Amino acid sequence: MRRRVALALGSALAAGTLALALPGSALAAEGVLVVGGVKYADPSGCYDTDSRPLTVDNHTDEVALVFSGPDCTGDLLELVAPGESSVSEFGVSVYVD
C-alpha cells in the first residue's frame with residue numbers, strides 16, 4: 001500500500017514538474033525584433049551585433065534591453081518598449097524574453 005501511495009505521489013510530482021517546464025519553451029516574445037538590420041521572428045534571448053551605431057526596432061510584445069557588452073553583459077544602456085525604435089552609439093547586444 002505504501003508503495004502505491006509513493007508511486008502515485010512521485011507520478012503526480014513528475015507530471016507537475018513537466019507541466020511547469022513545458023510552458024517555458026513557449027515564452028518567446030511574439031513579433032519581430034530588428035537588431036542592426038537583422039530580423040528575428042519571435043525572439044528570445046541575447047542578440048549581438050557588430051553594427052555601429054546599434055539600431056533596434058522592437059515590433060514585439062516585450063521590452064528589449066540594450067547592453068554595452070557582448071552576450072548581454074556590461075551596463076544596461078536603455079530599454080526599448082514594444083513598438084519603439086532606438087539608436088545606441090555604445091550598444092553591443094540586445095536581450096528580449
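Helices and strands here are DSSP runs, a helix having at least four residues and a strand at least two, numbered from the N terminus. With that convention, the pattern along the sequence reads α-β-β-β-β-β-β-β-β. The model is predicted.

**Whole chain**

Start with everything selected and coloured by secondary structure. The protein has 1 helix and 8 strands. Of its 97 residues, 26% count as buried. Among contacts between residues at least 6 apart in sequence, 51% join residues at least 24 apart.

**The four-stranded sheet**

Next, select β3, β5, β6 and β8. They form an open sheet of 4 strands in the order β3-β8-β5-β6, with antiparallel pairing. At the edges are β3 and β6, each of which pairs on one side only. From one strand to the next, the twist averages 25°. Now keep only β3 and β8 in view: these two run antiparallel and are joined by 4 bridges. In general, strands of a sheet pair through backbone hydrogen bonds, either parallel or antiparallel.

**Y95**

Select Y95, which sits in strand β8, residues 93-96. Across from Y95 stands C46. Is Y95 buried, partly exposed or exposed? Y95 counts as partly exposed because its relative accessibility is 30%, and that class lies between the limits of 20% and 50%. To see what surrounds Y95, hide its neighbours within four places in sequence; the remaining contacts are G45, C46, V63, A64, L65, F67 and C72. For a distance label, pick the C-alpha atoms of Y95 and V66: they are 6.6 Å apart, although 29 residues separate the two along the chain.

**The disulfide**

Both C46 and C72 are on the contact list of Y95, so select the two cysteines next. The count of disulfides in the model is 1. A disulfide joins C46 to C72, with an S to S distance of 2.1 Å. The pair links distant parts of the chain: C46 lies in strand β3 (residues 45-48), and C72 lies 26 residues away in the loop between β5 (64-67) and β6 (76-80). Measure the dihedral about the S-S bond and the link of C46 and C72 is right-handed, at 100°.

Switch to a surface view of the two ends. C46 counts as partly exposed because its relative accessibility is 33%. C72 has a relative accessible area of 16% and is therefore buried, the cut-off being under 20%.

**The nonpolar core**

Select A29, L33, V35, Y47, L54, V56, A64, V66, V80, V94 and V96 and show side chains. These 11 residues make up the largest nonpolar core. Two or more residues come from each of β1 (31-35), β4 (54-60), β5 and β8. In soluble globular proteins, nonpolar side chains tend to be buried together.

From this group, centre on A29. Beyond residues up to four places away in sequence, A29 touches D42, P43, T60, D61, E62, V96 and D97.

**The aromatic pair**

Finish at Y47, another member of the core, and add Y40. The count of aromatic pairs is 1. Y40 and Y47 form this pair, with 4.2 Å centre to centre and 40° between the planes, a tilted arrangement. Which of the two tyrosines is buried, and which is partly exposed? Y47 is buried because its relative accessible area is 14%, whereas Y40, with 23%, is partly exposed.

Key. Residues numbered from 1 in each chain as written. Predicted model: local features only at pLDDT ≥ 70, side-chain atom pairs only at ≥ 80, totals over all residues. Heavy atoms only, no water. Buried < 20%, exposed > 50% of the residue type's maximum accessible area, 1.4 Å probe, protein only. Contact = heavy atoms within 4.5 Å. Disulfide = S-S within 2.5 Å. Pairing = 2+ DSSP bridges. Axes fitted to C-alpha atoms, helices over the stretch in contact; angles between N-to-C directions. Core = buried A, V, L, I, M, F, W, Y, C linked by side-chain atoms within 4.5 Å. Phe/Tyr/Trp six-rings, centres within 6.5 Å; stacked < 30°, edge-to-face > 60°.
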